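Please open the model in your viewer and keep the sequence beside it, as this tour moves from one selection to the next.

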Amino acid sequence: MGIKKIKAVIIILITMIITFCLVGCQNDIEEKADLIIEGEDEVVLGYEGLIFVESSVNNDIISFASSNEEILIIDQLGNYKALDFGTVIVSISSKTGTVVEHEITVNGRPPLAEIKFSVNHEGIFYTDQKYKISCEYSPIYSELDLKFVYPKNQIIFDEETWEIIFLDSGNFTLIGFSKEKIIVRGSIEFNVEYPEDTTVYSLLFLGNSFTKCVYYDIPNIIKQIIEIDGDKARVFVDAPGGSYIDQHKQVLNNYLETEKFTHVFLQEQSRGPIDYYTRFEKAVMDFADIINNSGAQTILYQTWCYNLNHFSGNSTLQENMKLGLEQAYDKAATKADLYVSRAGTAFYNCIANYPNINLYVDNNGHASTYGAYLSACVHYCTITGKSPINNGYDIAGIDDSIKLILQTIAYQTYLDSLN
């Protein structure tokens with residue numbers, strides 16, 4: 001075969017190959033891809049997902065686009081993240097020109113899974129100082145809607161700003177849990193102390209309804225009177241109605257295992273020292289040994305005689321009860337070498353000089369607001385050695401003139417007791 005014929009054959013073959021390729025490519029271009037889409041159509045805020053695409057064309061090239069990237073962003077592999085509430089259209093395009101739209105709605109938040117509290121503070125916390133609690137939680141797009149549990153009589157906690165102030169010393173725990181799912185919770189513990197220059201009185205009252213008072217909280221009034229001066233008081237009370245001193249033995253031991261007291265007040269059943277003196281004295285002796293060995297000072301809380309109405313107006317019977325209580329408390333205090341806080345004597349002094357000031361709220365002898373305040377002022381003098389006169393604590397229901405009278409009687413009764 002000549003060279004010219006060989007060249008002609010080669011040219012024909014090349015032409016056929018090119019033609020075949022062009023026709024094949026044209027067929028590929030003209031074929032539109034069928035796209036099958038798999039993916040969520042409703043997700044929560046912060047959700048990260050994947051849109052899976054299956055194309056009928058081999059080696060197809062797929063691209064993705066979000067109609068609103070403030071709501072949802074998506075990359076070219078189909079990975080997306082929900083950033084805000086709303087609905088977007090994700091356009092999914094094939095290289096063949098096929099375009100499919102997939103709608104995704106971002107609605108709701110993921111459930112809270114973890115809570116962790118912290119405070120930008122190391123070491124001991126101090127009373128009357130403000131601290132701020134921070135919180136880390138996940139998922140971050142969850143709604144942080146919490147309910148808090150903490151000792152409200154010892155902590156002030158602002159549930160809006162998360163600022164916390166401690167009113168008392170001790171070890172405290174604040175717990176926050178999800179309102180939606182209470183098993184999701186976090187907690188933070190605080191070791192709290194009073195500042196070093198603070199005078200702290202730790203008081204335990206053991207008695208009955210005359211101790212705490214049925215209607216007015218005498219130990220808490222004492223706490224308020226002390227703290228208005230800038231000192232601090234921690235108050236603990238065990239006072240079931242009608243109780244005798246010796247019925248508090250287990251309670252006393254339990255308290256002494258965990259608390260360090262400066263003063264422990266013992267108050268007998270209202271007529272117990274008169275009617276059952278031997279029982280009263282034995283309880284005082286036994287309890288004084290336990291209390292004094294703990295480092296606290298034992299104080300006998302002398303109560304008052306009953307309301308005159310209880311004796312049908314017979315003032316002699318009322319005075320006899322007052323004298324009987326004074327003598328019994330003095331006798332036991334002398335034997336045990338204790339101090340008596342003479343609330344009962346102050347009551348009688350007030351009745352004798354200011355009969356229009358009603359110290360009672362019922363015929364059984366429970367104290368009115370005036371009686372509770374008078375008793376508290378006597379105990380304040382006994383604890384601190386200070387005068388309550390012109391103390392700044394304002395108690396509801398007592399005007400300044402009556403308050404001054406009660407303060408003066410309490411302090412004079414205290415001074416007389418020193419002699």
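Is Lys282 buried or exposed? Select Lys282 to begin: its relative accessibility is 54%, so Lys282 counts as exposed, where exposed means over 50% relative accessible area, buried under 20% and partly exposed in between, using a 1.4 Å probe and protein chains only. Before going further, note that this is a predicted model, in which local features need pLDDT of at least 70 and side-chain atom pairs count only at pLDDT 80 or more, while totals for chains, interfaces and linings use all residues. Residues are numbered from 1 along each chain as its sequence is written, and side-chain values use heavy atoms, with hydrogens and water left out.

**Salt bridges**

Keep Lys282 selected and add Asp286, since the two form a salt bridge in which the closest N and O atoms are 2.9 Å apart; the term is used for a side-chain nitrogen of Lys or Arg within 4 Å of a carboxyl oxygen of Asp or Glu. Asp286 and Lys282 are separated by about one helical turn, because they are four residues apart in helix H6, and helices here are DSSP runs of H or I with at least four residues, as strands are runs of E with at least two, both numbered from the N terminus. Asp286 is partly exposed, with a relative accessible area of 29%.

Next, select helix H3 (residues 218-228), where Lys223 and Glu227 lie four residues apart, about one turn of the helix. Lys223 and Glu227 form a salt bridge with the closest N and O atoms 2.9 Å apart, and Lys223, at 16% relative accessibility, counts as buried.

A search of the whole structure finds 16 salt bridges, and one of a different reach is the pair Asp128 and Lys232, whose side chains meet at 2.7 Å, N to O. Because Asp128 lies in the loop between S11 and strand S12 (130-138) and Lys232 in strand S19 (residues 232-238), this pair ties together parts that are 104 residues apart in sequence. Asp128 is partly exposed, with a relative accessible area of 44%, whereas Lys232 is buried, at 11%. For a linked set, select Asp168, Arg234 and Glu259, which are joined in a network of salt bridges.

**An open sheet**

From the loop after S11, turn to the sheet itself: four strands form an open sheet in the order S11-S17-S16-S13, with mixed pairing, two strands being paired if DSSP finds at least two bridges between them. Strand S11 (125-126) and strand S13 (146-149) are the edge strands, each pairing on one side only. S11 pairs with strand S17 (residues 185-193) in the parallel sense over two bridges, and the bridge partner of Phe125 in S17 is Val192.

**Aromatic rings**

Return to helix H6 (residues 277-293) and select Tyr277 and Phe280, which are three residues apart and therefore separated by about one helical turn. Both residues are buried. Rings of Phe, Tyr and Trp (its six-membered ring) pair if their centres lie within 6.5 Å, and planes under 30 degrees apart count as stacked, over 60 as edge-to-face and the rest as tilted. A search of the whole structure finds 26 aromatic pairs. Among them is Tyr255 with Phe261, an edge-to-face pair at 6.0 Å centre to centre and 80° between the planes. Phe261 counts as buried, at 3% relative accessibility. The rings of Tyr277 and Phe280 have centres 5.9 Å apart and planes at 70°, so this pair is edge-to-face.

**The cores**

Which residues touch the most other members of the largest nonpolar core? Select Leu300, Trp304, Tyr373, Leu374 and Leu406, which do so among the 68 residues of that core; a nonpolar core is a set of buried Ala, Val, Leu, Ile, Met, Phe, Trp, Tyr and Cys residues joined through side-chain atoms within 4.5 Å. Helix H9 (residues 369-384) gives the most to this core, with eight residues. A second, separate core of 22 residues includes Phe125, Ile155, Trp162 and Val184.

Finish on Trp304, which belongs to one aromatic cluster with Phe210, Tyr306, Phe311, Phe347 and Tyr360. Leaving aside neighbours within four places in sequence, the contacts of Trp304 (heavy atoms within 4.5 Å) include Ile218, Met321, Leu325 and Ser375.
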